[in-house]
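Student: I have just opened this structure and would like to learn how to read its features. Please take me through them one at a time.

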Amino acid sequence: FESAASCATTMGPAERAKVISGHVKPAPTSFTELPVVDMSRWRQGPEERKRLAQEVCDICHNIGFFQVVNHGVDQEIVDDVFSMMSRFFALPEGQKAMIDKAQSRHFRGWERVGSERTNNRVDYREQIDFWSDGSPRAAGVTPAYYRLLGPNTYLPDTVLPNFKSVSTRWFASAAQVAADLMEVFSVGLGLDPLHLEGLFGPKDERMSLTKFIHYPPSPEGGAGGNAHHDT
């Protein structure tokens, strides 16, 4: 998009324009509805795929977020994972602590309420962090981020039936949605559909994260997650 980028460098703030996938479009001052992206369109042929990809690219540049519908995750999977979370967070702390994150050198597992702080304030939530399952590297491996590679921890079925099977099924389904969206982003940017997917390195070194979170009532002035920026 060299030509579009060159055009953008000549624009002043008063012009309020953004470069979007090789096109210059006015930047909106506000919006009143959450954009909805229907992923069933991604399965309707090459022309519809291009149209959807361009729309998503425009949404990402102008607004920054959207709701995905018809994503392909079966409702049964969604229901099962929410049921599993309800049952997990209702367990006594002693049983939840069987997968305490503090016991995992790979930064995986359960954290009790108050374990995390944001902006130096307590976050009133408990959560389970699941990453892509993988083979662990040596404890002192470098680069240091390789130390995050490893297995998740799961409660046995005797404590919480189907905890592992429901969690891994959800993770795999969400991963497919993420893979589909990366193709949409790539096409919207005028790239090969697998371009972004190819930037993540060998499959056994890729890491995705899902969090299962419970927000109990917060005290006055408190929050489940205090003000912050995600980058």
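**Reading the features step by step**

Tutor: Let's start with one pair: Glu 48 and Arg 51 sit three residues apart in helix H2 (residues 46-62), so about one helical turn separates them. Helices (H or I, at least four residues) and strands (E, at least two) are DSSP runs, numbered from the N terminus. Residue numbers start from 1 along each chain as its sequence is written, and this is a predicted model, in which local features need pLDDT of at least 70 and side-chain atom pairs count only at pLDDT 80 or more, while totals for chains, interfaces and linings use all residues. Side-chain values use heavy atoms, leaving out hydrogens and water.

Student: What do the side chains of Glu 48 and Arg 51 meet in?

Tutor: The general idea is that side chains of opposite charge can pair when their charged atoms come close. The term salt bridge applies when a side-chain nitrogen of Lys or Arg lies within 4 Å of a carboxyl oxygen of Asp or Glu. Here, Glu 48 and Arg 51 form one, at 2.8 Å from N to O. Arg 41, Glu 48, Arg 51 and Glu 55 are joined in a network of such bridges. By this rule, the model has 15 salt bridges.

Student: Is Glu 48 buried or exposed?

Tutor: Buried means under 20% relative accessible area and exposed means over 50%, with partly exposed in between (1.4 Å probe, protein chains only). Glu 48 has 14% relative accessibility, which means that it counts as buried. Its partner Arg 51 is partly exposed, at 45%.

Student: Which residue does Arg 112 form a salt bridge with?

Tutor: Arg 112 pairs with Glu 93, and their closest N and O atoms are 3.5 Å apart. This pair links distant parts of the chain, 19 residues apart: Arg 112 is in the loop between strand S5 (109-111) and strand S6 (117-118), and Glu 93 is in helix H4 (residues 93-96). Arg 112 is partly exposed at 31% relative accessibility, and Glu 93 is partly exposed too, at 45%.

Another case is Asp 129 with Lys 101, whose side chains meet in a salt bridge at 2.6 Å, N to O. Asp 129 belongs to strand S8 (residues 126-131) and Lys 101 to the loop between H4 and S5, so this pair ties together parts that are 28 residues apart in sequence. Both Asp 129 and Lys 101 are buried.

Student: How many disulfides does a search of the whole structure find?

Tutor: A disulfide is a pair of cysteine sulfur atoms within 2.5 Å. The search finds zero of them here. Take Cys 57, which is in no disulfide: the nearest cysteine sulfur, that of Cys 60, is 6.7 Å away. Cys 57 is buried at 6% relative accessibility, while Cys 60 is partly exposed at 34%.

Student: Next come the empty spaces. What volume does the largest pocket have?

Tutor: Picture a 1 Å grid over the protein atoms alone: a cavity is a set of points where a 1.4 Å probe fits but cannot get out, a pocket is an open set with protein on both sides within 12 Å along at least five of seven lines, and lining residues have an atom within 4 Å of a point. Grid points are joined across faces, edges and corners, and a volume is the space filled by probe spheres set on the points. The largest pocket holds about 580 Å³. Its lining has 21 residues, and Ser 132, Ala 175, Arg 206, Met 207 and Ser 208 lie nearest its centre. H5 gives the most to this lining, with six residues.

Student: Which residue classes line the second largest pocket?

Tutor: In this scheme Ala, Val, Leu, Ile, Met, Phe, Trp, Tyr, Cys and Pro count as nonpolar, Asp, Glu, Lys and Arg as charged, and the others, Gly among them, as polar. The second largest pocket, of about 380 Å³, has 10 nonpolar, one polar and no charged residues in its lining. The lining includes Phe 66, His 71 and Trp 170, and its largest share, seven residues, comes from H5.

Student: What volume does the largest cavity have?

Tutor: The largest cavity has about 40 Å³. Its lining has no nonpolar, two polar and six charged residues. Arg 112, from the bridge with Glu 93, is one of the lining residues.
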